[in-house]
Amino acid sequence: MKTKRENPLKVLFSFSGEARGKMTGSVILAFIGEMFGMAPYFVVTLLAKELYEGTATVERAAVMAVTAAVCMCLRAWLTGLSSMRSHTVSFTILKNIRCALADKMAKVPMGVMLETPSGTFKTLMVDNVGRLEDIIAHMVPELPSNLAGPVFSIILVFVLDWRMGLAAFITVPLSLVFAVCMMRGYKEKMAVYLRSGNEMNAALVEYVGGIQVIKAFGQGSKSFGEFSRSVNFFHDSTLAWWRQSWFWMAGFKAVLPSTLLGTLPVGAWLYMQGTLELPLFLACIIIPFGFMAGLIKFGFALGQLSYMAPNLDPIQDFLATPEQRRPEKPVKLGERSFRFDRVCFSYDGKKEVLHDVNFTARTGQITAIVGPSGSGKSTIAKLMAGFWDATGGTVSFGGQDIQNIPFDQLMGEISYVAQDNFLFDRSIRENIRMGDPSATDAEVEAAARAANCHDFIMNLEQGYDTLAGDAGDRLSGGERQRITIARAMLKKASVIILDEATAFADPESEAQIQQAISRLVRGKTLIVVAHRLNTIQNADQILVIDQGRLAACGRQEELLNTCPLYRTMWEQYQSTAAFAGKEAN
Ligand SMILES: Nc1ncnc2c1ncn2[C@@H]1O[C@H](COP(=O)(O)OP(=O)(O)OP(=O)(O)O)[C@@H](O)[C@H]1O
C-alpha cells in the first residue's frame, strides 16, 4: 500500500536546523538581484525614447551606461549573497540528513544493518542526499526570482501597450506545446533514471567487493550479470529518454524567446497605422528579451522539482524503519546466564524461523548450538547479542529481559565473534584496540600473543601498523579470525558468542584458533555456533536445532545415545573430516 507522503520541500526544510530562516533571505536577495538584472533593458528603452524625442545627450547616455553597469554589478553581488545563503542552508540540510541517517543506523536493529547490502547505504548517504544539494541551493531561491522578473516585465509591456503585450506573448502557447511534449512521462522517466542509477551504484559496490572471486574465475564484468544488466539498463533508458525529448527541448528553447515573431510585425503595422509611437515600439521589442531568459530557467527549475521526491523517498523510508527501543539507564544484572523462554522469531514478519525455543545457557559454561544448515543456529546467537528482538517469548540475560537492558550495557557484556571476521581498514593495532579503546600498545600486543597472532603480524611489512586493507589478501581466514579473537580478548566481556567459520581450516591453523579460543573463554560464558563438531565435544551442553526447533539438549555422550539427528551429524562430520584429512595429505 502506498503511504501518503508529506510535501518534499516541507520535509527538506524540517532538516534546516541552525540555518532555518536563512532561505527566506536568500529568496529575497535573489529576487532583488533579478530586478537589477532587468536594468539594461530599461536603460536601452529609455535611451531610444530620448533619441526619438531629441532630448538625448552623450552625457545622458554615459550616465545610463554607468547605471546599467552598476545595476549589473549589484545583481551579481546580490545573487552571490543569495547563493551563499542558499548553499549554507543546503549544506546544513545535507549534513543534518546525513547525521539523522547515521543516527538511525545506530538505532535500527543491528540485523537490519547486517542484512542490507552496503551499496544501499552508500547510495542513500552519498548519492540520494548529494542530489538534493542543487535543488535546495539553486532551485529554491531561483524559482521565485526567475518568475518575478518575467511577471514584472509582462505586466509592464501590457501597461505600455496591451496589443504589444499580446504580440509578445504569442510564442508562449506555441512553446507550451513543445514543453508538454518534452515533459510527457517525465515523472516516470525521472524515477526510472534515478532508480537505475542507484541500482548501478549498488551493483558496482558489490562488483568491486566480489572482484577477487570474479578474477579468480577469469571472468569479466559481463559475467557479473547484475552489474552488466544495471549498466546496460541505465544506458538504454537514459538514451531512450534523451532521444524522445531532445527535439522538443530544442524547440522549446528556440520558440519561447522568439518574441520578435509577434512584436515585429504587429508593432510595425501599429506604427504604420500611427497608433504606436516609435519609443514604445522599441520598448515593447526590447523588454520581452529580458523576461524570456528567466522564463526558460523557471521552466527547467520546475522540472528539477520532480527530482526531489525520488531522492527523498528512500531517505524517508529508512528514517521510518522501526527502532530497537532500549532504556537509557543501566540495569542490575544477576548471574550472567541466558534464558530463552518460548522464543519465536521471524525476520520478515511472515515466515517464522524459530519456534518455541526454550533453554538456559549458564554462566561459566560452554553452550554449543548445532544443527543442519539453515536450522536457525546463527539466528539464536543474534538474538542473544540483541541484533534482533524476539517476535514471541522472552530472551533474558542476567535475569533481565534483554529488551530492558540498554544496548551499550549488553554490548559491554558480550563479545560477538562473527563468521565473516570483519576488519576495519585501519591498522591491525587499531583493529585489536577496538575491543578496549583505552588499551595500551603493550596490552594490544599481549592480547595478540594470547590469540596466537603476534608472530604473523610481525611478519607483515609494517607489523602492527599495517593497514588491514593492505594486509587483506595476505591474511588467511584463520589469521583474520585470530585477530578478531584478540579484539574480543581485550574487551573483557563476560560472555563470548562465537559464530564459528564454516570452512575447514588447515590443521595447524585450526589448532592455533582452538588454543586462542580456549584462552579467550577462560572463566567466561561461551556460546558457540558450531559447524565442526570436534570443537564442542567437551561442551557443558549442546543444543541441537532442527528446523527452528530445539530437538534435543545435553552433553555429547547423552546425545549420541538419545538424539538420532545428532548421531547422524556426528557420523557425517567424522567421515567428512577423515576425507578432508586424506585430501590434505
Ligand atoms: N536476514 C534474513 N532474512 C530472512 N531470512 C533469513 C535471514 N537470515 C537467515 N534467514 C533464514 O532463517 C533461517 C535460519 O537461518 P540461520 O542463519 O539462523 O541458520 P543456520 O543454522 O545458522 O545456518 P548455517 O549453518 O547455514 O549458517 C534460514 O531459513 C535462513 O534462510
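# Exercises on a predicted protein–ligand model

Of the 585 residues of the protein chain, 32% count as buried. The model is a predicted one. The protein chain holds 23 helices and ten strands. Among contacts between residues at least 6 apart in sequence, 80% join residues at least 24 apart.

**Exercise 1. Check whether the length of helix α4 agrees or disagrees with the span expected from its residue count.**

Solution.
1. Helix α4 covers residues 58–107, which is 50 residues.
2. At 1.5 Å a residue, α4 should span 74 Å.
3. The end C-alpha atoms of α4 are 72 Å apart, which agrees with the expected span.

**Exercise 2. Carry out the corresponding check for helix α2, and state which of its residues are buried.**

Solution.
1. Helix α2 runs over residues 22–37 and has 16 residues.
2. At 1.5 Å a residue, 22 Å is expected; from first C-alpha to last, α2 reaches 23 Å, close to that value.
3. The buried residues of α2 are M23, S26, V27, L29, A30, F31, G33, E34 and G37.

**Exercise 3. Describe how α4 packs against helix α13 and which residues meet.**

Solution.
1. Two packed helices are described by the angle between their axes and the distance between the axes.
2. For α4 and α13 (residues 278–319), the angle is about 35° and the axes are 10 Å apart.
3. The crossing of α4 past α13 is left-handed.
4. On the α4 side, I97, A100, L101 and K104 take part, and they meet I315, F318 and L319 of α13.
5. By class, this contact has six nonpolar residues, no polar ones and one charged residue.
6. Burial within α4 includes R75, S82, V89 and I93, as well as I97; I97 also belongs to the contact with α13.

**Exercise 4. Locate Q324, decide whether it is buried or partly exposed, and list its contacts beyond its neighbours within four places in sequence.**

Solution.
1. Q324 lies in the loop between α13 and β1 (338–346).
2. Q324 has 18 C-beta neighbours inside 10 Å. A residue needs 20 or more to be buried, so Q324 counts as partly exposed.
3. Leaving aside neighbours within four places in sequence, Q324 is in contact with K107, V108, P109 and D389.
4. Q324 and M110 are 214 residues apart along the chain, yet their C-alpha atoms are separated by 8.7 Å.

**Exercise 5. For D356 and Q547, state the sign of phi, the location and the exposure.**

Solution.
1. Most residues other than glycine have a negative phi.
2. D356, although not a glycine, has a positive phi of about 50°. Q547 is likewise a residue other than glycine, and its phi is positive, near 45°.
3. D356 is found in strand β2 (residues 352–361), whereas Q547 sits in the loop between β9 (541–546) and β10 (549–554).
4. Within 10 Å, D356 has 15 other C-beta atoms and Q547 has 13. Exposed residues have 12 or fewer, and D356 is partly exposed, as is Q547.

**Exercise 6. Which residues surround the ligand, which helix supplies the largest share, and how do they divide by class?**

Solution.
1. The surrounding residues are E115, Y347, D348, V353, G371, S373, G374, S375, G376, K377, S378 and T379.
2. Helix α14 (residues 377–384) supplies the largest share of this shell, three residues.
3. The shell divides into two nonpolar, seven polar and three charged residues.

Technical notes
Residues numbered from 1 in each chain as written. Predicted model: local features only at pLDDT ≥ 70, side-chain atom pairs only at ≥ 80, totals over all residues. Helix = DSSP H or I, 4+ residues; strand = E, 2+ residues; numbered from the N terminus. Near = placed C-beta within 6 Å. Nonpolar A, V, L, I, M, F, W, Y, C, P; charged D, E, K, R; others polar. Contact = placed C-beta atoms within 7 Å. Expected span 1.5 Å × (residues − 1). Axes fitted to C-alpha atoms, helices over the stretch in contact; angles between N-to-C directions. Left-handed = near helix turned anticlockwise from the far one by under 90°.
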